[in-house]
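Here are some notes on the model, set out as numbered points for a colleague to go through with the coordinates open. They begin with the salt bridges and then turn to a helix.

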Amino acid sequence: MASIYYTEVDLSPYEVPNEQSLCIYISGCQQICQNCHYPDLRKTNYGEPLIDFFEKLLELYFYQATCVCFLGEGENTLQSRRELTIFAKQASKMGKRVCLYSGRDVEPENWMNVFDYIKVGSYQQFLGSLDSSSTNQVFYRKKADGIYENITYTFWL
């Protein structure tokens, strides 16, 4: 049974620096960020099973997107991590870079090493989002040696 559900997709040049991202909104978020911009993503099994549509989405947006950005980790279970890893590897095999937006306050975890980009940190309104130099959120890019570097500053104007 699928554990990753998505609610919508869109294309965005803003979520990942220098990329046109196919953004996939993942439901089942376990965070309860005050003034969350998308509280419906907290609902479990909300939307459609991503496994049923992922290949079709990649085909549909193949020429428009350079990156696939998963906005959320779902319920952050072992099963959802496995599914996200499979989806990320599938997109990578098709020549797409992959990004994970995690709302958790963590450093990049071992299971995340399949992603080219990772955003971590809960949304804390008083600190601001990624475009604020006072944010607690951190955006990482994986270097050629596999080490993640903090590139949060690229979002600041």
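1. In this predicted model, Arg97 and Glu19 are joined by a salt bridge in which the closest N and O atoms are 2.3 Å apart. The two residues come from distant parts of the chain, since Arg97 belongs to strand S5 whereas Glu19 sits in the loop between strand S1 (5–12) and strand S2 (21–26), and 78 residues separate them.

2. The two partners of that bridge fall into separate accessibility classes: Arg97 is partly exposed, with a relative accessible area of 34%, while Glu19, at 7%, is buried because the cut-off for that class is under 20%.

3. A further salt bridge is formed by the side chains of Glu73 and Arg104, with an N to O distance of 2.7 Å. Glu73 is placed in the loop between S4 and H2, and Arg104 in the loop between S5 and strand S6 (117–120), so this pair ties together parts of the chain that lie 31 residues apart in sequence. Both ends count as buried, Glu73 at 7% relative accessibility and Arg104 at 13%.

4. Arg104 also forms a salt bridge with Glu109, where the closest N and O atoms are 2.8 Å apart; Glu109 is partly exposed, its relative accessible area being 21%. Through shared partners, salt bridges join Glu73, Arg81, Arg104 and Glu109 into one network. In total, the structure holds 6 salt bridges.

5. Which residues of H2 are buried? They are Ser80, Glu83, Leu84, Thr85, Phe87, Ala88 and Ala91. In reading such a list it helps to recall that an α-helix has 3.6 residues a turn, so residues three or four places apart point the same way. The cover over the buried residues of H2 includes helix H1 (54–60), strand S4 (67–71) and strand S5 (97–101); strand S5 is also where Arg97, the partner of Glu19, is found.

6. The length of helix H2 (residues 78–93) can be checked against its residue count: at 1.5 Å a residue, its 16 residues should span 22 Å, and the distance of 23 Å between its end C-alpha atoms agrees with that expectation. After H2 comes Gly95, which has a positive phi near 85°.

Conventions:
Residues numbered from 1 in each chain as written. Predicted model: local features only at pLDDT ≥ 70, side-chain atom pairs only at ≥ 80, totals over all residues. Heavy atoms only, no water. Helix = DSSP H or I, 4+ residues; strand = E, 2+ residues; numbered from the N terminus. Expected span 1.5 Å × (residues − 1). Buried < 20%, exposed > 50% of the residue type's maximum accessible area, 1.4 Å probe, protein only. Contact = heavy atoms within 4.5 Å. Salt bridge = Lys/Arg side-chain N within 4 Å of Asp/Glu carboxyl O.
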